[in-house]
Every structure is written in structure tokens, then in C-alpha cells.
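Thank you all for coming; I would like to walk through one structure this morning, going from a single loop residue out to the domains and then to the two ligands. Please keep the viewer open while I talk.

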Amino acid sequence: MIIAVLGGAGYIGSHAVDQLIKKGYEVVVIDNLLTGHKEAVHEKARFYEGDIRDKVFMQSVFSKEKIEGVVHFSASSLVGESVEQPLKYFNNNVYGTQITLEVMKEFDVKYIVFSSTAATYGEPEDIPILETAKTLPKSPYGESKLMMEKMLYWCDVAYGIKSVALRYFNVAGAQLEAKIGEDHTPESHLVPIILQTALGQRKEITVFGDDYDTPDGTCIRDYVHVVDLCDAHILALEYLKAHNQSNVFNLGSSEGFSVKEMIDVARQVTEKEIPEKIGERRAGDPAVLVASSEKAQKVLGWQPQHTNVKTIMETAWKWHSTHPKGYDSK
Ligand SMILES: NC(=O)c1ccc[n+]([C@@H]2O[C@H](COP(=O)([O-])OP(=O)(O)OC[C@H]3O[C@@H](n4cnc5c(N)ncnc54)[C@H](O)[C@@H]3O)[C@@H](O)[C@H]2O)c1
Ligand SMILES: O=c1ccn([C@@H]2O[C@H](COP(=O)(O)OP(=O)(O)O[C@H]3O[C@H](CO)[C@H](O)[C@H](O)[C@H]3O)[C@@H](O)[C@H]2O)c(=O)[nH]1
């Protein structure tokens with residue numbers, strides 16, 4: 001089966017490509033390298049550099065390759081930036097998905113697995129969060145992802161394009177061999193920032209608020225290993241082929257860790273000091289986000305293997321300590 005991975009040069013996309021190839025899929029990567037890295041793309045994948053919003057380019061790829069399914073990671077995904085530049089998010093995320101769906105319809109491609117997010121829920125009423133919870137995004141980023149989910153729904157109704165939307169919680173860690181890992185510029189995610197501090201690349205880590213209604217006052221999140229997360233994408237493709245039915249799933253580890261707890265785990269793993277200071281709350285951060293991933297486990301048969309947060313930190317550390325400058329490391 002030939003799968004097109006949109007955004008396959010990015011952090012999560014490159015891990016998915018690696019795992020799809022190891023499972024025997026033929027993979028076509030489409031990426032404009034806006035935030036991705038060519039070096040992250042598996043050598044056995046066929047790489048097409050270009051923008052998913054460029055319909056002529058997309059048509060040329062889809063006419064060359066007999067694509068049967070799409071895994072769609074490409075997006076702009078900085079929550080804070082999206083509040084300041086909402087149109088950038090609607091253009092890249094929503095319009096990019098519009099062109100993708102138009103081309104899928106034209107070339108009769110029936111399956112798409114899509115990166116959605118916990119940000120579609122906004123401030124949750126109940127923890128753990130079920131897929132049936134209210135979706136009230138607090139940022140244009142979350143809103144764009146919810147709009148993309150709705151586009152998929154209506155394209156199923158009208159054209160029979162079947163989709164699985166995977167709502168990720170906090171993705172972290174790296175491929176176990178650490179040949180690929182997380183390299184964002186600017187970096188906004190907690191785990192890489194903690195580890196860059198351990199490497200001495202940052203003076204300290206700023207904890208965004210310690211006055212939340214949580215046991216130590218810092219925000220609680222549900223960290224899911226990138227390898228487990230990508231396994232779920234392969235199961236989602238198999239589910240689409242077997243059941244020809246659209247669906248939505250949460251992907252998390254179902255256990256919450258506070259920012260302070262994560263820094264302590266990193267201190268144990270790295271045996272470094274990791275200075276921290278308490279800063280202001282970051283706008284739009286819910287106090288607690290923890291998923292119920294039971295539906296993915298029951299329906300997709302997802303069995304995450306690396307749920308221990310120490311393993312997540314160890315694999316991330318293996319990547320960061322061997323690639324201190326990310327893909328620019330020699
Ligand atoms: N990292 C997380 O914790 C997290 C959580 C929830 C959801 N997500 C979603 O998962 C997906 C992947 O996240 P990531 O952390 O790997 O991000 P990333 O920025 O590393 O990867 C995105 C990739 O898409 C490419 N891209 C962006 N716009 C494009 C376009 N118009 N045309 C072609 N390529 C384009 C980028 O160059 C990059 O390689 C995103 O959709 C993101 O919103 C991530
Ligand atoms: O320097 C930092 C960076 C982060 N944090 C805190 O660490 C926690 C995790 O922050 P991340 O930025 O790593 O992750 P988010 O929970 O904000 O965001 C993640 O989940 C979102 C959904 O809520 C989006 O999907 C987003 O793409 C994804 O990275 C938050 O409480 C944040 O305030 C700090 O204290 N200091």
C-alpha cells in the first residue's frame with residue numbers, strides 16, 4: 001500500500017514514516033520544509049518538496065504515485081502564535097486540508113488519518129477527557145484543527161472519504177535508536193526545553209505559573225511517546241481499510257504529570273542540575289489535560305509500550321544529548 005505522508009519531514013511525521021517503512025508500507029513524503037528537516041526523512045521514502053496548498057504540485061505527485069491513503073501531519077502548530085496571527089493558521093491548516101481533500105477526491109483516494117489535538121477541547125469540564133466531551137477551542141490553532149475535523153466529516157458524507165482524526169495530547173520522546181528526534185526552531189515544548197537546559201544551552205527553564213489548582217501548583221499534562229503515537233496511525237490505516245468507517249480517537253497515556261514532576265524526572269535521567277524559575281502563567285494553558293485513551297485501545301487495539309514517563313524522557317535525552325544542535329549536529 002502506498003501512503004502519502006504530508007509533513008513527513010517534521011517531528012512526528014518523520015517517526016511515522018520510519019515506522020510505516022519498517023512495517024512494509026511504501027511511503028511518499030510531501031513537505032515544504034517550513035519546520036521540517038530533509039535529514040529526518042527515511043532514505044527509503046520518496047520525497048517531494050512542496051506545499052500542500054499548491055494544487056498543481058499536489059496533482060503532479062498524486063498522478064505520479066498510486067497513493068491509496070494519506071497521513072496528514074502538515075500544519076502550523078504554535079498555540080501562542082495562532083492567537084496573534086489567526087489567518088496564518090486558517091490558511092496553512094484549513095486551506096491546506098481543503099486542497100488535500102480536493103486532490104484526494106480527484107484521484108479517488110479514500111482514506112486519511114489526521115493529526116488533531118487536545119486543543120480542540122479547550123478547558124475541559126471532566127478529567128480524563130473522553131472523545132464525547134465538548135469541543136470549545138481556546139485558540140485559532142485548536143479552532144483550525146476542529147474545522148479540519150469538520151471538513152473531513154462532510155467529505156465523508158458527500159464523497160465517501162473515510163477519516164480517522166487522532167487527538168494527540170503531549171507528544172514527546174524520540175525513536176528508540178535516537179537517529180531521529182524533536183528539532184523545532186523556535187522550540188516551545190516542555191520536554192526539549194528542559195533537556196536543552198540540562199545541556200547548558202539555556203540558563204534555566206521558566207515554569208509557566210505555580211498557582212494552578214493542582215497538587216504542586218503547576219500544570220498537569222498527559223505525555224505520550226512518539227513511537228506509541230505513530231503505532232496508532234498505522235492501526236488507524238488498518239482500521240480504515242478493514243471497516244471503511246470514519247472515527248475520532250484521543251491519544252495519550254492516561255496519566256498526568258506536572259511541569260515540576262517532569263523537571264524532576266529529567267534531573268534523574270540526565271543527572272544534571274536543571275535550574276528552574278517560576279514565571280507568569282502562559283495565556284490559554286488549561287490547568288489539567290489528561291486523556292481517556294480507552295476508545296483507541298478498544299477499537300483500534302492500540303497498546304502503547306512506552307507509557308513510563310521516565311522512558312519518554314530517556315529516549316528524548318538520548319536524541320538531544322547525541323544531537324545537541326538537532327539535525328545540524330555533525
Ligand atoms: N507535537 C505535539 O505535541 C502535537 C500535539 C498535538 C497535535 N500535533 C499536530 O501534529 C502534527 C505534527 O506536529 P509536529 O510536532 O511533528 O510538527 P512539525 O512542525 O515538526 O511538523 C509539521 C511538518 O509539516 C510541514 N508543513 C507545514 N506546513 C506545510 C505545508 N503547507 N505544505 C507542506 N508541508 C508543510 C513542516 O515543514 C513540517 O515538516 C501537526 O499537525 C500538529 O498540529 C502535535
Ligand atoms: O518553557 C516552558 C514550556 C512549557 N511549560 C509548560 O509545560 C506544559 C506543556 O507545555 P507544551 O508547550 O509542551 O505543550 P502544550 O500542553 O501547551 O501543547 C500541546 O498540546 C496542545 C493541546 O493542548 C497542542 O496540541 C500543542 O501542539 C501541544 O504541543 C504547559 O503547562 C506549559 O505551560 C513551561 O512551564 N515552560
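Let me begin with the cut-off I will lean on: a residue counts as exposed if 12 or fewer other C-beta atoms lie within 10 Å of its own, and as buried if 20 or more do. Please bear in mind throughout that this is a predicted model.

With that cut-off in hand, take asparagine 244, which lies in the loop between H7 and S10. Because asparagine 244 has 11 other C-beta atoms within 10 Å, it is exposed. Its phi is near 50°, a positive value in a residue other than glycine. I point this out because most residues other than glycine have a negative phi, and most peptide bonds are trans.

Glutamate 271 invites a similar look, since this residue too has a positive phi, of about 55°, although it is not a glycine. Glutamate 271 sits in the loop between H8 and S12, and with 8 C-beta neighbours inside 10 Å it counts as exposed.

On the peptide bonds, there are two places to look at. The bond from isoleucine 127 to proline 128 is cis, with omega near -5°, and proline 128 belongs to the loop between S5 and helix H5, residues 140-159. The bond from threonine 185 to proline 186 is also cis, with omega near 0°, and proline 186 is in the loop between S7 and H6.

That loop between S7 and H6 also holds glutamate 177, which is exposed, having 10 other C-beta atoms within 10 Å. Glutamate 177 and arginine 167 are ten residues apart in sequence, yet their C-alpha atoms are 26 Å apart in space.

Now to the helices, starting with H8, residues 259-270. Its twelve residues, at 1.5 Å a residue, should span 16 Å, and the C-alpha atoms at its ends are indeed 16 Å apart, so expectation and model agree. Which residues of H8 are buried? They are Val259, Met262, Ile263, Val265, Ala266, Val269 and Thr270. Viewed down the helix axis, these buried residues fall within an arc of 160°, and therefore they line one face of H8. The cover over them includes H6, S8, strand S11 (256-258), strand S12 (276-279) and helix H10 (309-322).

H6 makes a useful companion, because seven of its nine residues are buried, so that this helix is largely enclosed by the rest of the structure. The buried residues in question are Leu190, Val191, Pro192, Ile194, Leu195, Thr197 and Ala198, and what covers them includes S7, S8, H8 and H10. Just after H6, glycine 200 takes a positive phi of about 80°.

Stepping back to the whole chain, the protein is divided into domain 1, which is 2-172 + 224-251, and domain 2, which is 190-221 + 254-328. Taken over C-alpha atoms, the centres of the two domains are separated by 24 Å, and 30 residues of domain 1 are in contact with 24 residues of domain 2. On the domain 1 side of this contact, the elements that give two or more residues are S7, strand S9 (220-225), helix H7 (226-243) and strand S10 (247-251). H7 has the largest share there, with seven residues, and by class that side divides into 18 nonpolar, six polar and six charged residues.

Finally, the ligands. Around ligand 1 there are 27 residues, of which Gly7, Gly10, Gly36, Ala75 and Ser77 come nearest. Helix H1 (11-22), helix H4 (86-106), strand S5 (111-117) and strand S7 (170-172) are the elements giving two or more residues to this shell, and H1 gives the most, with three. By class, the shell around ligand 1 has ten nonpolar, 14 polar and three charged residues.

Ligand 2 is surrounded by 20 residues, the closest being Thr117, Ala119, Leu190, Phe208 and Cys219. Helix H6 (190-198) and strand S8 (205-208) are the elements that give two or more residues here, and S8 supplies the largest share, four residues. This shell has eleven nonpolar, six polar and three charged residues. Which domains supply the shell around ligand 2? At least three residues come from each of domain 1 and domain 2, and with that I will stop.

Note on methods:
Residues numbered from 1 in each chain as written. Chains lettered and ligands numbered in written order. Predicted model: local features only at pLDDT ≥ 70, side-chain atom pairs only at ≥ 80, totals over all residues. Near = placed C-beta within 6 Å. Nonpolar A, V, L, I, M, F, W, Y, C, P; charged D, E, K, R; others polar. Domains from an automatic or database assignment. Expected span 1.5 Å × (residues − 1). Arc of directions from axis to C-beta. Contact = placed C-beta atoms within 7 Å.
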